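Trainee: I've just opened this model and don't know where to start. Please walk me through it.

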Amino acid sequence: MYKYAIIALLSCCCIFVSAQSNIIFSKTFNSKRKNVPIAIINNHSSYFHVMRYNKAVHDFTIERRSKPNAAMLAYTPLRLDSVNADWFDYEKLDYLFFESNHKVYFVFEKVLNKKHTIYLKVIDTLGKSGGFTELSSMEAEPGVGLKFIFSKVDNNNILIVGAISLPNGITKKTAVLFDPKAMKPVWFKKLPHENSITEVSDGFTTNSFNDLFYIHYNIKSRTVINRDNLNVIIVNEYGTISVLKILSDSKEISEHILGMNKIETVYASHLVCTEDGVIFIAQGVEEDFGKKPYLHVEKLNATHNVVYIRKNNFPPNITEQLTFYDGNNYKDAAYKNYTYKKSFLNNNNLCFITERRDGDYYKELLSWNIDPQNGELISLNIVPRKTFYFSGRTRFKNLGECIIINKNANPVFYLLEDSKNFPVSPQEFKFHEFNKQNGLFGGNVVSYGNQTKEKLEKNLIYKNANFDLVPLLYFSETVSDDVFYFNEGQYEKFGFISGNK
C-alpha cells in the first residue's frame, strides 16, 4: 500500500515539475536586506537594468547587468538626497523609469509645502549620470493645491501637466512636452481654466506628431471622500464627456463630444493614439432598466471626426463570473470598480486592461481584446488574482502587482497566487472559491496568455520554496526573453525565460 502511495506521489511530482517553464538562472549573489530591488528594464539581448532602493545610503541606484550571468556592468547611484530632504520616504516618491537609445531616464517629483518640481536625471551607456534637469515647477501660497501628473508618451517624450487649484474653485492647468533626447521642451501649452466642482480633465497623451489629446468630463453631481490620505472624487451624475485636441504648433482646441448616453459610471477610461487619429476607450455602466456594464470604444480621425462608435456589452459568462458580493450590498458586475492598468496596440488588436484593487488587496484583472479597425470586441478574459499583504510589513512592496509583458499586443500576465489555485483555469475562476495568497512565501508564479486571444491559458512558471520569485515593476518592449528576480534571504539571483515577442 505504501509502495503504491509513494509511486503515485512521485508521479504527481514529476508531472508538476515538468509543467514549470524552463528557466536559465544566473549565478547567486549576496543580498543585502536594505538594498531592495524595485523595478527591471529589459530591452536588450545582452543586458538589462535593475533599480533598487538602497535604504542604507538613502538613495535609488541603477545597475546594468549582463545576460545570462547577471554580472554587474555598471552601477549608478542617483544621489537623490542632493535634491530631496534626508528624511524623505522614497517609497512614496512619484517617478518614471524608462530607457531610450541605450540611455536610462529617471523622472521624479520633489514636493514641498509651497513648491512642486519635476526633475530629470539621465544615465548614459557607461553608467555615468548627469546632473538634475528641472523640467517644470509650480509655486504657490499655503491653501493653494498643487498637483503634477507626468508620463512617457510617443517619441519617448515626457508629458507633464501641472494643476493649480485656487480657493475660489478655479483650476489652472499647463502642459509641457519635453524631448529627453534633445534635452529641450517641444512646446508649452496653457489649458483652459476649469471649475473644480463641475469639471474634470485627465487622460493626457500625445501622438507621434506631438499633438495633445485629453478627456474632459462635465460633472452634474459629485462627492469627495478621503481615502489613504488622498481626496477621491466619486461622480454621482455625469454630463457630457469630450475628447479635446490641440495641434503641436497651435493653441486652438478641437472638441468632440463623445457618443456616451445614459451614463451611470465611468470606471476606467483611456486614449490610444493611432497613425490616423485617436481611440477613446472607457469601461462604464449605463442606466437602462438597471445598471449594465459595457465597454465604449469610439475612434476619431485626423480631423477629429467620428470613424466609428461601438458599445460592447459584457459576455454572459463574464457577467456570471463577476456576480458576487464583495464589500457592499450589491453583487452585480456593474458595482465592481475597475481602474485603468495598461493598453497595447498593433494593426490587428487593441488590448485594454483594467484591474480591481482595494488598498493592499489585489483582485482580478480584465483583458479586453478589441479590433482597432471597427471597435468590436474580439474577446474579454478574466485574469484571476487574489493577493493580500501588508505593504508596511514586507521588504518587497509590489507582491500583488501583475507583471504584464507585451507580446505583439497579445500580453502575457505573470502573477503570484496560492498553489492550491493551480488547477483552476481563468474560465473557472470564482472569486470566493479562489484561495487568497498572503505575502510572498509558498505561492506559485503563473502566467496567463494565449496568442489566439480567445481563451487565456495558464502555465506554471515557478513554485516559490527556498528561492522565491519576487514580482517587481517590469518594463520590456523589444526583446524575446523575460527576466525575473529571485531571493532567498541573504542571497539573490536572476532567471531568464525565452519566448517570442
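Mentor: Let's begin with a cysteine. The sulfur of cysteine 351 sits 11 Å from the closest cysteine sulfur, in cysteine 402, and that is too far for a bond. A disulfide here is a pair of cysteine sulfur atoms within 2.5 Å. Keep in mind that this is a predicted model: local features need pLDDT of at least 70, side-chain atom pairs count only at pLDDT 80 or more, and totals for chains, interfaces and linings use all residues. Residues are numbered from 1 along each chain as its sequence is written, and side-chain values use heavy atoms, with hydrogens and water left out.

Trainee: OK. How many disulfides turn up in the whole structure?

Mentor: Zero, after a search of the whole structure. Cysteine 273 isn't in one either; its nearest cysteine sulfur, in cysteine 351, is 17 Å away.

Trainee: And is cysteine 351 buried or exposed?

Mentor: Buried, because its relative accessibility is 0%. The cut-offs are under 20% relative accessible area for buried, over 50% for exposed, and partly exposed in between (1.4 Å probe, protein chains only). Cysteine 273 is buried too, at 15%.

Trainee: New topic: which residues touch the most other members of the largest nonpolar core?

Mentor: Ile281, Leu322, Leu366, Trp368, Ile370 and Tyr448, out of 38 residues in that core. Strand S26 (361-370) is among the strands that each supply at least two of its residues, and the largest share, five residues, comes from S26. By core I mean a set of buried Ala, Val, Leu, Ile, Met, Phe, Trp, Tyr and Cys residues joined through side-chain atoms within 4.5 Å. Strands are DSSP runs of E, at least two residues, numbered from the N terminus.

Trainee: What does leucine 322 touch?

Mentor: Not counting residues up to four places away in sequence, its contacts include Phe314, Tyr338, Leu366 and Ile382. Contact means heavy atoms within 4.5 Å.

Trainee: Back to S26. How does it run against S27?

Mentor: Antiparallel, joined by six bridges; two strands pair if DSSP finds at least two bridges between them. One of the partnerships is asparagine 369 with serine 379 in S27. The two strands form a hairpin with six residues between them, and glycine 375 in the turn has a positive phi of about 80°. S27 is mostly covered, with five of its seven residues buried.

Trainee: How many cavities of 30 Å³ or more are there?

Mentor: Four. On a 1 Å grid over the protein atoms alone, a cavity is a set of points where a 1.4 Å probe fits but cannot get out, and lining residues have an atom within 4 Å of a point. Points are joined across faces, edges and corners, and a volume is the space filled by probe spheres set on them. The second largest holds about 40 Å³. Its lining includes His49, Glu63, Arg64 and Asp124, and strand S5 (59-66) gives the largest share, three residues.

Trainee: Where is proline 68, then?

Mentor: In the loop between S5 and S6. The peptide bond from lysine 67 to proline 68 is cis, with omega near 0°.

Trainee: Which residues other than glycine have a positive phi?

Mentor: Two to look at are arginine 79, with phi near 55°, and lysine 262, at about 55°. Arginine 79 lies in the loop between S6 and strand S7 (95-100) and is exposed at 55%. Lysine 262 is in the loop between strand S19 (253-257) and S20, and is exposed at 52%.

Technical notes: Helices (H or I, at least four residues) and strands (E, at least two) are DSSP runs, numbered from the N terminus. On a 1 Å grid over the protein atoms alone, a cavity is a set of points where a 1.4 Å probe fits but cannot get out, and a pocket is an open set with protein on both sides within 12 Å along at least five of seven lines; lining residues have an atom within 4 Å of a point.
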